[in-house]
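Reader: I would like to learn how to read charged side chains in a protein model. Please take one case and work through it.

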Amino acid sequence: MAEERELIWIGTSLEDLRRFPEEVKDVMGYALYLAQRAEKHTDAKPLRGFGGAGVLEMVERHHTDAFRAVYTTRLATAVFVLHAFQKKAKQGVATPQRDLAVIRRRLAEAEGIDAERTQRKGEHTGDD
C-alpha cells in the first residue's frame, strides 16, 4: 500500500470547496483522497495548458451547476489543491481565463512551498 501524501490547500481553495453542496464535496474529497494515495479518480482529467497529467481537474455536476476542483500531484512533497470553484458560464466547457490565472498563480505558490519543504527535508537528513 502506498504511503498517503499530505494534502496542502493553497489560497482559499479549502474555504471555497466547503461551500459546495454535500454530494459534490463527497466526490471531490474522494478524488483528493485517491490522489494522496497516488491513485486517480476515473473522472479526474489533466487540465489543458498545464503540461500534461500533473495538474488535474475534477468536474462534478450538481443539478444544473458544474463544480470544479484543481490540484497537482506533480510536486514531490504533497498533493496541492490549487482552486475550487463553481463554473458560472452558461455555455462552453472551457475553464474561464480568470480561473486559469488563479490556478497559474497558486501553482507557482505551491512550487515555492514544495521547494522549501524539499530543502528543509534535505537539511534534516544531511543530504545536499
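**Charges and salt bridges**

Author: We can begin with one side chain: Lys25 is partly exposed, because its relative accessible area is 21% and the partly exposed class runs from 20% to 50%. Bear in mind that this is a predicted model.

Reader: Which side chain does Lys25 meet in a salt bridge?

Author: In general, side chains of opposite charge can pair when their charged atoms come close. In this case the partner of Lys25 is Glu22, with 2.8 Å from N to O. Both residues belong to helix 2 (residues 22-36), where they sit 3 residues apart, about one turn of the helix.

Reader: Which salt bridge links distant parts of the chain?

Author: To answer that, look at which elements hold the two partners. Glu57 and Arg68 form a salt bridge at 3.0 Å, N to O. This pair links distant parts of the chain, with Glu57 in strand 3 (residues 55-62) and Arg68 in strand 4 (residues 65-72), 11 residues apart.

Reader: Are Glu57 and Arg68 buried or exposed?

Author: Both Glu57 and Arg68 are buried.

Reader: What about Arg19 and Asp16, the partners in another salt bridge?

Author: The closest N and O atoms of Arg19 and Asp16 are 2.5 Å apart. Accessibility is read for each partner separately. Arg19 has 62% relative accessibility, so this residue counts as exposed. Asp16 has a relative accessible area of 13% and is therefore buried.

Reader: How many salt bridges does the structure hold, and how many charged side chains are there of each sign?

Author: The structure holds 7 salt bridges. There are 21 positive and 21 negative side chains, and 8 Å separates the centres of the two sets.

Reader: What is the order of helices and strands along the sequence?

Author: The order is β-α-α-β-β-β-β-α, made up of 3 helices and 5 strands.

Reader: How do I read the overall dimensions?

Author: One way is to set the radius of gyration against the value for a compact globule. For 128 residues that value would be near 14 Å; the protein has 15 Å, which agrees. Along the principal axes, the C-alpha trace spans about 55 × 30 × 25 Å.

Reader: What share of the residues is buried, and how much area does the protein expose?

Author: Of the 128 residues, 41% count as buried. The protein exposes about 7,800 Å², and 50% of that comes from carbon and sulfur atoms. As for contacts between residues at least 6 apart in sequence, 54% join residues at least 24 apart.

Terms used: Residues numbered from 1 in each chain as written. Predicted model: local features only at pLDDT ≥ 70, side-chain atom pairs only at ≥ 80, totals over all residues. Heavy atoms only, no water. Helix = DSSP H or I, 4+ residues; strand = E, 2+ residues; numbered from the N terminus. Rg over C-alpha atoms; globule rule 2.2 N^0.38 Å. Buried < 20%, exposed > 50% of the residue type's maximum accessible area, 1.4 Å probe, protein only. Contact = heavy atoms within 4.5 Å. Areas by Shrake-Rupley, 256 points an atom, 1.4 Å probe, with all protein chains shown as cover. Lys, Arg positive; Asp, Glu negative; His and termini not counted. Charge placed at Lys NZ, Arg CZ, Asp CG, Glu CD. Salt bridge = Lys/Arg side-chain N within 4 Å of Asp/Glu carboxyl O.
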